[in-house]
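Me: Could you take me through one ligand site in close detail, and then show me what else is worth a look? I'm just starting out, so please explain the terms as you go.

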Amino acid sequence: MSYIPEEQLITQAKCLFEEYLPKVETLKVKERQKIPCQEMPTQDPLVRSQNMEEVALGYSFEQARVEAMRCLQCVKKNCIEGCPVKIDIPRFIDHIAKGEFEQAIAVVKETTLLPAVCGRVCPQEKQCQLYCTLGKSFKNVEKSVAIGRLERFVADWERENGKVIVPFVKPSTGKRVAVVGSGPAGLVVAADCRREGHHVTLFEAFHKLGGVLRYGIPEFRLPNDIIDKEIETLHSMGVEIKTNFVVGRTRKLTDLIEKDGYDAVFVGTGAGLPIFMGIEGENLVGVFSANEYLTRANLMKAFDKKADTPIYPSKNVMVLGGGNVAMDASRMAKRLGAENVYVVYRRTENEMPARREEVLHAKEEGVVFCYLQNANRIIGDDKGRVRSVECVRYELGEPDASGRRAPILINGSEFEMEIDTVIVAVGNGSNPLISQTTPQLAVNKRGNIVVDETQKTSMDKIFAGGDIVLGAATVILAMGEGRRSAASINKMLAEAAD
Amino acid sequence: MSRILYKQQFSDDVFLMRLHAPLIAEERKAGQFIILQTDDDYGERIPLTIADADTNEGSITIIFQVVGKTTKQLSFMNAGDELPALVGPLGTPTHIEQFGRVVCVGGGIGVAPLHPIAQALKAAGNHVSIIIGARNKDLLILENEMKSIADELIICTDNGSYGRKDLVTAPLKELCEQHPKPDMVIAIGPPVMMKFCSETTRPYHVFTQVSLNTIMVDGTGMCGGCRVNVGKEVKFVCVDGPEFDGHLVDFDNMINRLNAYKDIERHHYKCFVKNAFKDEEVVL
Ligand SMILES: Cc1cc2nc3c(=O)[nH]c(=O)nc-3n(C[C@H](O)[C@H](O)[C@H](O)COP(=O)(O)OP(=O)(O)OC[C@H]3O[C@@H](n4cnc5c(N)ncnc54)[C@H](O)[C@@H]3O)c2cc1C
Ligand SMILES: Cc1cc2nc3c(=O)[nH]c(=O)nc-3n(C[C@H](O)[C@H](O)[C@H](O)COP(=O)(O)OP(=O)(O)OC[C@H]3O[C@@H](n4cnc5c(N)ncnc54)[C@H](O)[C@@H]3O)c2cc1C
Ligand code: SF4
Ligand code: SF4
Ligand code: FES
């Protein structure tokens with residue numbers, strides 16, 4: 001897929017819309033299969049690699065309705081199986097096809113609280129869209145109904161048309177819930193517990209809310225306005241917000257219950273512990289964890305001349321890793337002025353965990369992918385700054401037990417690349433701050449908090465969910481765990497009241 | 001939000017402030033620090049040691065030296081002003097016990113973080129010798145406070161304008177040569193000074209603890225920007241530290257890392273000062 005200008009996509013959609021609108025109620029499966037997939041309009045790659053604005057511009061009204069008409073309205077709703085929060089996908093899409101956007105967003109919101117976020121960042125091609133019957137009929141997941149884009153469309157429609165209504169909050173129960181961490185898991189728990197009429201305090205270590213949505217995922221993929229809007233809603237619902245508050249340090253976890261009188265606590269502190277490769281030269285000046293690089297750029301706004309937090313001036317950047325984090329870091333480096341950005345990955349494109357769309361976008365923006373390659377050691381100059389990286393090459397071996405072909409080192413394949421900045425994006429472990437300061441809390445050997453099926457931890461009244469439980473996972477899974485935790489907390493508090 | 005309750009100027013570039021922060025005052029222990037911002041949209045997050053705390057007033061004390069834009073901006077703020085962001089207490093508290101004979105060495109602004117530690121060590125029943133050093137008499141801070149704790153106080157200035165004309169390493173070496181030699185040394189100050197204190201004590205095998213002031217962003221172990229080589233391990237200063245065994249710290253790497261943004265920060269600082277004193281001639 002190469003870049004098609006927005007106007008062209010919109011004009012095409014207008015014609016299709018005129019053609020299909022009269023038959024919207026009577027379309028046969030064969031006809032629906034013939035409707036072309038609607039591509040997401042994007043900013044021109046040459047322009048966008050120089051700015052921070054959102055890359056994907058969102059469907060036009062006609063595009064959304066045409067795409068929605070592609071849905072076969074299957075009797076066996078496979079797509080729902082693939083959605084971790086089980087959105088009633090065919091029902092909301094049917095409303096879009098008919099132009100009933102208000103009803104469509106209402107259906108989506110029955111199960112998810114952050115559709116504008118999930119529609120943008122869900123790995124749809126591995127979830128709902130992977131299971132879609134339409135895609136399967138073409139044996140091509142890229143021809144599935146674009147469920148995520150449609151979800152985004154109705155969420156944006158609601159926000160842009162001022163239709164967002166503050167959820168109804170039940171009369172006060174007098175119970176108090178502490179939510180630790182304001183990532184997607186925490187945001188959802190805060191909303192769901194507040195709705196039941198409990199007093200909710202949201203504690204966040206940083207000076208801004210949103211967790212990875214704010215400090216990790218860049219503005220060009222998820223604009224801050226969207227997070228701000230969600231937070232505004234929590235505000236209007238009467239959630240108390242305490243930023244600059246590190247639970248475990250400013251207050252012990254147990255003190256929230258014992259001294260401050262909270263009846264329940266939810267811990268959603270995320271993965272947030274950068275993993276390094278452990279290779280020579282990793283502490284040289286110019287080597288960053290993706291967390292640091294992205295936090296400087298996003299949360300601390302280092303892309304903006306007004307910001308005090310500096311970002312390292314780079315010419316040749318090497319990003320190590322192949323996930324979403326690596327894609328974000330490489331595209332950010334481009335935007336911050338690097339001339340050459342290389343993503344170095346040990347396997348091939350097929351094994352890369354990043355979302356396909358992000359990989360395509362990165363390529364369009366000029367990021368160079370070096371597959372079957374890895375960094376061996378980082379070499380510094382006399383000032384201790386990165387000068388080059390010695391790399392090695394791999395080849396794919398026989399498939400192992402899991403069916404994946406393992407990369408095998410090619411002996412003697414060392415070669416050097418001239419690099420001044422290295423960004424390590426090989427994963428995140430769980431941040432040990434809470435568990436270290438709360439020794440009674442059971443964690444597994446990877447440091448993730450252990451919970452039961454109701455999301456309760458080993459400690460009374462303390463629940464947990466999201467990346468701190470799952471390990472680095474996804475926004476929608478974190479949200480799903482938040483929902484389940486809130487339900488358990490609400491049930492526990494209701495039972496206590498009886 | 002945190003209100004500035006009190007401000008005092010020690011010298012051209014060194015200031016003391018008391019900030020309203022009741023929870024931090026209650027929880028903090030010697031050796032811990034806070035992170036603050038003078039602007040929570042575009043401002044930088046800077047770490048400063050908690051030099052003292054008063055639980056009655058619900059306040060903490062910070063002592064800082066102006067070295068760049070944020071510390072300059074902070075020095076312009078006054079009692080009654082609100083700091084938009086203040087978080088803490090961060091870091092692992094100093095391990096305090098009765099070691100026996102302890103030498104505390106403070107260089108420049110490092111005397112500020114040293115003060116609560118010296119206090120706690122004294123309270124734990126140690127014999128405490130204190131060496132404080134500064135470039136000149138005007139830059140010397142907390143002399144009286146230290147005097148009231150110390151069993152022995154030695155003052156050094158680089159130019160001899162007060163106390164001994166020596167670097168702090170000279171009296172440190174003398175103390176190491178005495179019998180009994182110190183059971184432990186704590187050195188806090190500029191990285192170079194901590195490096196040379198560690199080198200001074202190494203031949204005498206006296207355990208030497210240093211408090212590292214690396215560049216930080218979050219201060220909670222999330223970014224790894226504060227990492228240092230300690231022996232064969234990589235440590236995060238904000239959560240594993242700030243205190244480490246000085247004989248194991250790779251100071252040269254740490255100093256290089258501290259200078260990562262020197263040119264950019266110098267530029268920010270100049271622009272800021274030029275703007276702040278538009279109508280006056282400023283010499284930088
Ligand atoms: C760069 C990047 C890109 C990603 N891209 C995608 C994507 O495209 N799609 C996708 O689905 N997922 C993506 N992910 C993963 C996704 O963002 C996470 O799975 C999700 O945010 C986890 O949510 P959470 O609520 O568990 O935690 P987080 O979002 O990590 O939030 C945790 C919050 O808790 C705060 N906190 C931590 N400790 C404390 C404490 N002691 N006291 C108070 N507050 C504390 C943190 O500051 C943070 O704000 C990406 C992750 C990264 C890093
Ligand atoms: C745990 C800890 C405790 C500290 N306690 C104190 C204290 O009690 N009093 C005090 O005056 N200072 C203390 N510092 C140093 C203080 O944080 C820096 O002086 C401050 O961040 C500089 O900010 P700036 O914007 O004014 O200068 P910048 O423009 O950011 O920097 C100017 C120069 O200062 C150095 N520097 C930059 N950022 C930091 C940083 N985060 N830490 C250390 N040096 C830096 C660099 O060499 C830089 O070139 C401490 C640092 C740490 C890590
Ligand atoms: S929430 Fe994610 S998985 Fe579920 S329908 Fe939306 S995009 Fe698909
Ligand atoms: S599986 Fe695909 S085609 Fe069928 S209802 Fe779901 S989205 Fe529509
Ligand atoms: S300051 Fe970010 S990990 Fe220490």
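Reply: Let's begin with the polar contact, a pair of N or O atoms within 3.5 Å; within protein, one must be able to donate a hydrogen and the other to accept it, and residues adjacent in sequence count only if both atoms are side-chain atoms. This is a predicted model, so local features need pLDDT of at least 70 and side-chain atom pairs count only at pLDDT 80 or more, while totals for chains, interfaces and linings use all residues. Residues are numbered from 1 along each chain as its sequence is written, chains are lettered from A and ligands numbered from 1 in the order in which they are written, and side-chain values use heavy atoms, leaving out hydrogens and water.

Now to the part you asked about, the site of ligand 1. Look first at A:V247, where a polar backbone atom lies 2.9 Å from a nitrogen atom of ligand 1. On the oxygen side, a backbone N or O atom of A:A185 is 2.9 Å from an oxygen atom of ligand 1, and a polar backbone atom of A:G211 is 3.4 Å from an oxygen atom of this ligand. The protein covers 95% of the 1000 Å² of accessible area that ligand 1 has on its own (Shrake-Rupley method with a 1.4 Å probe; for residues, only the protein chains shown count as cover). Three helices of chain A, α12 (184-195), α17 (324-335) and α21 (475-497), are the elements that give two or more residues to the shell around ligand 1 (helices, H or I with at least four residues, and strands, E with at least two, are DSSP runs numbered from the N terminus). The most comes from α17(A), with three residues.

Altogether, 34 residues surround ligand 1, and A:V121, A:E204, A:R221, A:V247 and A:D467 are the closest (a residue counts if one of its heavy atoms lies within 4 Å). By class, this shell has 19 nonpolar, eleven polar and four charged residues (Ala, Val, Leu, Ile, Met, Phe, Trp, Tyr, Cys and Pro count as nonpolar, Asp, Glu, Lys and Arg as charged, and the others, Gly among them, as polar).

Ligand 3 also sits against chain A. Its shell has 13 residues, the closest being A:C83, A:C122, A:Q127, A:C128 and A:E151. Helix α11 (residues 147-160) of chain A gives the most to this shell, with three residues, and by class the shell holds nine nonpolar, three polar and one charged. Helix α11 appears again in a salt bridge (a side-chain nitrogen of Lys or Arg within 4 Å of a carboxyl oxygen of Asp or Glu). Here the side chains of A:R120 and A:D156 meet, 2.9 Å from N to O. A:R120 lies in helix α8 (residues 115-121) and A:D156 in helix α11 of chain A, so the pair ties together parts that are 36 residues apart in sequence.

Over in chain B, ligand 2 makes a good partner for your reading. It has 24 residues around it, with B:P47, B:T49, B:I63, B:Q65 and B:T71 the closest. A polar backbone atom of B:I63 is 2.9 Å from a nitrogen atom of ligand 2, and a polar backbone atom of B:L258 is 3.3 Å from an oxygen atom of ligand 2. The protein covers 89% of the 850 Å² of accessible area that ligand 2 has on its own. Strand β4 (46-49) of chain B is among the elements that supply at least two residues of the shell, and β4(B) gives the largest share, four residues.

Finally, see how the two chains meet. The contact (heavy atoms within 4.5 Å) takes 45 residues from chain A and 47 residues from chain B. About 3800 Å² is buried between them, and carbon and sulfur atoms give 51% of that (buried area is the accessible area, with a 1.4 Å probe, that two parts lose on being put together, summed over both). In chain A, A:R249, A:N283 and A:D308 lose the most area to chain B, together 22% of what that side buries. The count of salt bridges between the chains is six, and one of these joins A:R251 to B:E27, with the closest N and O atoms 3.5 Å apart.
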